[in-house]
Amino acid sequence: MSDQDRVRFVGGTGSPYTQKMAALMRYRRIPYAVTWGQPAEVCAALGVEEPRPTLMPTFFFEEDGETRAVCDSTPIIRRLDEAYAGRSVVPEDPALAFIDYLIEDFADEWCTKYMFHYRWHPQVDADNAATLLPLGLDVCLSAEQWSTLKKYIGERQISRLYVVGSNETTAPVIDASYRRFLQALEAHLANQKFMLGNRPGSGDFGLFGQLTQLVGFEPTSRAITHEVSPRTVAWVDQIYDQSGAEPAADDWLGIEDQPASLRGLLAEIGRVYAPAQLANAAAVQAGEENWECQIDGATWTQPTFPYQAKCLRWTNERYQALSEADRARVDGLIRGTGVEAMLRATD
Ligand SMILES: N[C@@H](CCC(=O)N[C@@H](CS)C(=O)NCC(=O)O)C(=O)O
């Protein structure tokens, strides 16, 4: 194998999506080369046009003899699934693949609110993150550069807490949701190793990415996770490197055979993520810059995100693309969880 056969990507140790993809590459046994740094700088060094927006991680793929920089882990996972045979993270059963996709979407778009909130809302965590994140990109920073970056990153990110809807009103809502999410995982992991059976799906990697930070980086959420779900703490260590797992086709559990504990996770998705997604999509449609809705008994306010409206549309398209029989199987699993509301949206 030559170095050119390695899939190159760049991101940060403190970036959940970068950790998601690095763990995926290890599990899939895809040779990779990760650079810990700023995507814009690596694009410039390679003479490659930056993706818009430029996010962590940024992947580099050879296309028609040219290197192209690409972002967004969810489609990249599907692209890698097509390009590299075996050890797929997308269940063959379309109904199960839909549930896997839903869990990945929830991890990427809602669990990241837990991550960002615990990282920058509590003072102790904000100080920890502002101190360590610059070093995660360059461990040799001079004291002067370090203190400049610490101030810059800390001020910038704290001022962006509103972007994920984190504020004094929503702090208890986020905290309660994180604790219920952990209780659901604690119950579910007592039954099986991964969300949908005995092999990991894309949803597991999505959750893992956010949890690397929630368990491994932010002091407040680390303490909560140890208190509420020791199994989650151990799971994060294990999913970090699943290169030795030997998955078999029947390691995916059929929808009908999933333990009741899976519904705990789906119920959290329906309780908090569904209303947020619906309110955001309605605001995008109405051309409003902000949205407000009731989530778990509190008023949630945040800026509108066209990308998250697209996520809702993609979820719906996947649901609608299922055969009638598979839709009925999905319906049977999600009935009463609140997820149904997301699948009625037609934007
Ligand atoms: N949907 C993207 C999200 C990636 C993302 O948001 N990455 C963050 C870091 S974890 C980022 O680069 N944010 C840019 C910024 O904060 O300026 C994915 O799945 O890859």
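User: What distance separates the centres of domain 1 and domain 2?
Analyst: This is a predicted model, in which local features need pLDDT of at least 70 and side-chain atom pairs count only at pLDDT 80 or more, while totals for chains, interfaces and linings use all residues. Residues are numbered from 1 along each chain as its sequence is written, and side-chain values use heavy atoms, with hydrogens and water left out. The domain bounds, which come from an automatic or database domain assignment, are 3-83 for domain 1 and 94-344 for domain 2. Taken over C-alpha atoms, the separation of the two centres is 21 Å.

User: Which three residues supply 32% of the area that domain 1 buries against domain 2?
Analyst: Contact, meaning heavy atoms within 4.5 Å, links 22 residues of domain 1 with 31 residues of domain 2. About 2000 Å² is buried between the domains, and carbon and sulfur atoms give 52% of it; buried area is the accessible area (1.4 Å probe) that two parts lose on being put together, summed over both. On the domain 1 side, the three residues that supply more than any other three are Pro16, Arg26 and Tyr27.

User: Which helix gives the most residues to the largest nonpolar core?
Analyst: A nonpolar core is a set of buried Ala, Val, Leu, Ile, Met, Phe, Trp, Tyr and Cys residues joined through side-chain atoms within 4.5 Å, where buried means under 20% relative accessible area, exposed over 50% and partly exposed in between (1.4 Å probe, protein chains only). The largest core has 89 residues, and Ile99, Phe106 and Tyr114 are among those that touch the most other members. Helices (H or I, at least four residues) and strands (E, at least two) are DSSP runs, numbered from the N terminus. With 15 residues, spanning part of 94-120, the main contributor is helix H4.

User: Which strands are the edge strands of the open sheet?
Analyst: The sheet has 4 strands in the order E2-E1-E3-E4, with mixed pairing; two strands pair if DSSP finds at least two bridges between them. Strands E1 (7-11) and E3 (58-63) run antiparallel and are joined by 3 bridges, and Arg8 stands opposite Phe60 in E3. The strands that pair on one side only are E2 (32-36) and E4 (66-71).

User: What angle does the direction of helix H3 make with that of E3?
Analyst: Helix H3 (73-83) packs on the sheet and touches E3 and E4. Axes are lines fitted to C-alpha atoms, for helices over the stretch in contact, and angles run from 0 to 180 degrees between N-to-C directions. The angle is about 40°.
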